[in-house]
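Here are some notes to read alongside the structure. They cover the helix pair first and the strands after that.

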Amino acid sequence: MDRFKEDIVSKHQTALTHVLYALCWVLLVAFGVYALMMLQMAIMAFALLPLMMALASAGMAVLLFFLKNQLKVEYDYTYTNGTLDFARVTCGTRRKELGSMTVSHVSACGHVAHESFQRFLSMKDVTKKNWFANRAGNLFYFYYEKEGKKNMIIIEPSEELAEMIRRDLPAGVYRG
């Protein structure tokens, strides 16, 4: 029988998040309209300054378009028979596969609050991947070496998923 668990972790939505998202849309439209007005002025007057202002405003509008999506991010953890798959979902529509990890290849695992986390984090040349949505959540770390490189993944699993992972870890790997 397959052991399967899927967790979807999203940011805790606060009033500030909603206000920032709405503000991004308002500023995006404002910069876009301003860019069009400056472009029209640059074309009619053949002036360089309005053209530069139009390009700067259009650049800000594009930047805000991509920045607003970062406010609505979810992480998807799928655990199937000892393999943990990671994905990032932006705005509930765009899914990006982040990677996959076999739990039996992990060298160390535990809560981020445990002192072993700082020891592995302070090691030289460790690549850290933060795949969690809430800093105050139940964060777990996984330390492993792959192709001679030291890697650390930090996720926010549910208690049920964390227990399934603990059962499949090699002896002595879980550090509390």
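1. Helix axes here are lines fitted to C-alpha atoms over the stretch in contact, with angles from 0 to 180 degrees between N-to-C directions. The model is predicted.

2. On that basis, the axes of α1 (residues 15-45) and α2 (residues 48-69) cross at roughly 160° and come within 8 Å. Angles over 145 degrees count as roughly antiparallel, and α1 and α2 are therefore roughly antiparallel to each other. The crossing of α1 past α2 is left-handed. The contact of α1 with α2 comprises 21 nonpolar residues, two polar and one charged.

3. Strand β2 (residues 73-80) pairs with two strands in the antiparallel sense: with β1 (residues 4-10) over seven bridges, and with β3 (residues 83-90) over eight bridges. Val-9 has Tyr-75 of β2 as its bridge partner, while Glu-74 is partnered by Val-89 in β3. Six of the eight residues of β2 are buried.

4. The link between β2 and β3 is a hairpin with two residues between the strands. In its turn, Asn-81 has a positive phi of about 50°.

5. A further four strands make an open sheet of mixed pairing, ordered β5-β7-β8-β6. β5 (108-111) and β6 (126-131) are at the edges with a single partner strand each, so one side of each has no neighbour in the sheet. Direction ignored, neighbouring strands of this sheet are turned by 20° against each other on average.

6. Within that sheet, β7 (residues 140-146) and β8 (residues 149-155) run antiparallel and are joined by seven bridges. Tyr-143 stands opposite Met-152 in β8.

Methods:
Residues numbered from 1 in each chain as written. Predicted model: local features only at pLDDT ≥ 70, side-chain atom pairs only at ≥ 80, totals over all residues. Heavy atoms only, no water. Parallel < 35°, antiparallel > 145°, perpendicular 65-115°, else oblique. Left-handed = near helix turned anticlockwise from the far one by under 90°. Nonpolar A, V, L, I, M, F, W, Y, C, P; charged D, E, K, R; others polar. Pairing = 2+ DSSP bridges. Buried < 20%, exposed > 50% of the residue type's maximum accessible area, 1.4 Å probe, protein only.
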